[in-house]
Each structure stands twice: as C-alpha cells, then as structure tokens.
Amino acid sequence: MAEPLIPTVDLSPFTKNDEDGKKKAMEVITKACSEYGFFQIVNHGVPINLLQRALELSKVFFEYPSDEKLKSSPASNAPLPAGYNTQPQQSPDKNEYLLMFPPGSTFNVFPQNPPDFKRVLEDVFSKLTETGLLVETIVNQCLGLPPNFLKEYNHDRSWDFMVALRYFPATESENNGLTEHEDSNCISLVFQDEAGGLEVRKDGEWIPVIPAKGTLVVNISDVIQVLSNNKFKSATHRVVRPKGRSRYSFAFFYNLQGDKWVEPLPHFTKDIGESPKYRGFQYSEYLQLRLRNKTHPPTTPEDEIRITHYNITY
C-alpha cells in the first residue's frame, strides 16, 4: 500500500489573485481540515534561506554548554517561560527549547550568542505572523464565515509565541519527543530539519510528515475546532525522536488573547439546526488547565485535560 502523504498547498494564488488556483487550494485545505486538521504550505512568504538560517543558529545555540544556555533563563513573571528551558525530569517529553513572544515583548530573554540569533529569531517571528494571518484568512473563507470574521475576533497578536526546539536522540528503550496531543491555540506553523519525526494521526494511523526544504506544516488547533463545532478538526500529532542524532524544529503558535470567550459559533449551530458540541469557556482558563498537564503530569493519559473537557453530552 502506498504511504499516505500530507497534502501540500501552494499559497501563491492568494497573493496573485488567481481565482482558479485559490478555489483548488481551498478545496484541498477544506478536505484536510475536515478530516484531520493537517496540511503543508509552500510559497508562504517566509524566505527559505531565513528558515534555514534559523535552524542552523538554533543548532549552534543548543550545542553550547548548559551554563551558557542558562544565561537566557526565563523571568518569573512571564505567562509562559520565555527564554531557555528544558522539560522537567519527570516529563515523558525529551527536549529543550527557547521560547519567545512577539519582538519587543518585555518578557523575551534572548541569548547573547550566537550573535545573529536574536535578529534572525525576530525576523522569523515577524514573517510567520504574516503567514499566520494569511492562513487564518484562508481558513475563514473555507469555513464560509463572513469576510474578516476571524481576523476581527482574533485581532490581538501579543499572545502569539514561537519555540525553537532540540529533541535529544532516541535511546534503545524509548523515543518519545513530544507525547501525542492537540494544540490549544488557533493555528500552528512548524518547520523541521531533515531528521523529521513529526507525525499526524489520520484514521487511527500515524503518518510521518516528511521534511521538505522551505515547506511549513500547518495544523488546525482547538480554538478553530470549537468555533466550527467540529467542522474543522484539531490535529492530533506527536514527535518521535530519531536514533543517533538530535532533531531541531521551530513551532509558531498563532494564538488567541486570554480574555476571549470561546464557544461554537451560531453559523455552525443554531443557524443550521445543530446543537453545540462544547460549552463556552474563557481561553485563559483552558490555557491554565493545559499548562497544569505539563507542570503536574497526570498519572494516566485519561486524566490529561484536552478540549474534550468542555464537551457537551446529550
């Protein structure tokens, strides 16, 4: 049986106003989002050499000794640990990471070395923000929402964040890099080095996302799943660590402001005679519950808080 592949969509029709190209791309995106919430994009507006440079510099940074990396330790007042960190000892996830908020955020703690790293990180963040807005606009169209609905609902970009990650090589006994999960935010954008390891679940099977230079991986996240009342799916994904080498990647989280109320939209419920599948919630409440999964790992996977926490059962 041929290995199923994640669809790759060329975004150039959306910047060139190629109506036929847009229509075809939206058909592919709608199908992927309705089934499992994952697709890849090319011609997305982020220069390929910038993505490559970011990966190269992150490798240099993560290979520094711990005392050098710890100079970029997070400030205690940040909503998430911006700066350098490593997963808690008891965590099943085996990685270290550097987290940043938008350029100019007072929470950011950047490494001094390598010297060019801060500028490249800020450039990548700014470019991925633009791509996130474009993808959000396309998702808005695919869902049949009024023009600019999601842009107006999700207008505050100060909660966006980006993480540079290094996953340690797999051992003989285990290879978990990131446990299977869905992202809590709106839309996530990922680029990975040639080591690969990112996998998405479709129809109960794990499909590897094969790295391709200059390609960004898009995954739909929990907020979009709730707003659309399950029309679009939040992607279930994981990272499997390769043997004999580290894996490097970047994940950009196009997020939602914490005070926002999240619930299925009338467009997908009462307007079409459907019952809401979720009760409404304040986004910051859900974030706190998700963060607790990390700081106090549950004893069984069933106890982990996911978006199903807000399911309505009839």
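The following paragraphs describe the interior, the cysteines, the enclosed spaces and some backbone features of this predicted model.

The nonpolar interior offers a starting point. The largest nonpolar core comprises 65 residues, and those that touch the most other members are Phe39, Leu128, Val139, Met162, Ile187, Phe191 and Val262. Helix α5, which spans residues 117–142, gives the most to this core, with 10 residues. Leu128, one of the residues touching the most other members, illustrates the packing: apart from neighbours within four places in sequence, Leu128 is in contact with Val46, Met162, Leu189, Phe191, Leu216 and Phe252. A second core, separate from the largest, holds 22 residues, including Phe101, Ile207, Ala251 and Phe253.

A buried polar residue may be set beside these cores. Asn95 belongs to strand β4, residues 95–100, and counts as buried because its relative accessibility is 1%, where the limit is under 20%. The side chain of Asn95 makes a polar contact with the side chain of Gln87, at 3.1 Å. When residues up to four places away in sequence are not counted, Asn95 touches Thr86, Gln87, Leu165, Arg166, Tyr167, Phe168, Gly177 and Leu178.

The cysteines come next. The structure holds 0 disulfides. For Cys142 the reason is distance: the closest cysteine sulfur, in Cys33, lies 6.6 Å from that of Cys142 and is therefore too far for a bond, given that a disulfide requires two cysteine sulfur atoms within 2.5 Å. Cys186 is likewise in no disulfide, and its nearest cysteine sulfur, that of Cys33, is 13 Å away. Cys142 is buried, with a relative accessible area of 11%, and Cys186 is also buried, with a relative accessible area of 3%.

Spaces within and at the surface of the protein complete the picture of the packing. There are 2 cavities of 30 Å³ or more. The largest cavity has a volume of about 50 Å³, and its lining consists of Gln40, Phe191, Gln192, Val209, Ile210, Pro211, Ala212, Thr215 and Val217. Phe191 thus lines this cavity and is also among the residues of the largest core that touch the most other members. The second largest pocket contains about 200 Å³ of space. It is lined by 14 residues, of which Gln52, Leu55, Gln192, Asp193 and Glu194 are the closest to its centre. Helix α3 (48–62) and strand β7 (187–192) each supply at least two residues of this lining, and α3 gives the most, with 5 residues. Gln192 appears in the lining of the largest cavity as well as in that of the second largest pocket.

Some backbone features remain to be considered. Most residues other than glycine have a negative phi, and most peptide bonds are trans. Against that background, the peptide bond from Asn113 to Pro114 is cis, with omega near -5°; Pro114 lies in the loop between β4 and α5. Asn148 has a positive phi, near 65°, and is not a glycine. Asn148 is placed in the loop between α5 and α6 (149–153), and its relative accessibility of 38% is why it counts as partly exposed. Asn229 also has a positive phi, of about 55°, although it is not a glycine. The loop that holds Asn229 runs between α7 (222–227) and β11 (237–240). With a relative accessibility of 5%, Asn229 counts as buried, whereas Asn148 is partly exposed.

Conventions:
Residues numbered from 1 in each chain as written. Predicted model: local features only at pLDDT ≥ 70, side-chain atom pairs only at ≥ 80, totals over all residues. Heavy atoms only, no water. Helix = DSSP H or I, 4+ residues; strand = E, 2+ residues; numbered from the N terminus. Buried < 20%, exposed > 50% of the residue type's maximum accessible area, 1.4 Å probe, protein only. Polar contact = N/O pair within 3.5 Å; in protein donor to acceptor, adjacent residues only side chain to side chain. Contact = heavy atoms within 4.5 Å. Core = buried A, V, L, I, M, F, W, Y, C linked by side-chain atoms within 4.5 Å. 1 Å grid on protein atoms, 1.4 Å probe; cavity = no way out; pocket = protein on both sides within 12 Å on 5 of 7 lines; lining within 4 Å. Points joined across faces, edges and corners; volume = space filled by probe spheres on them.
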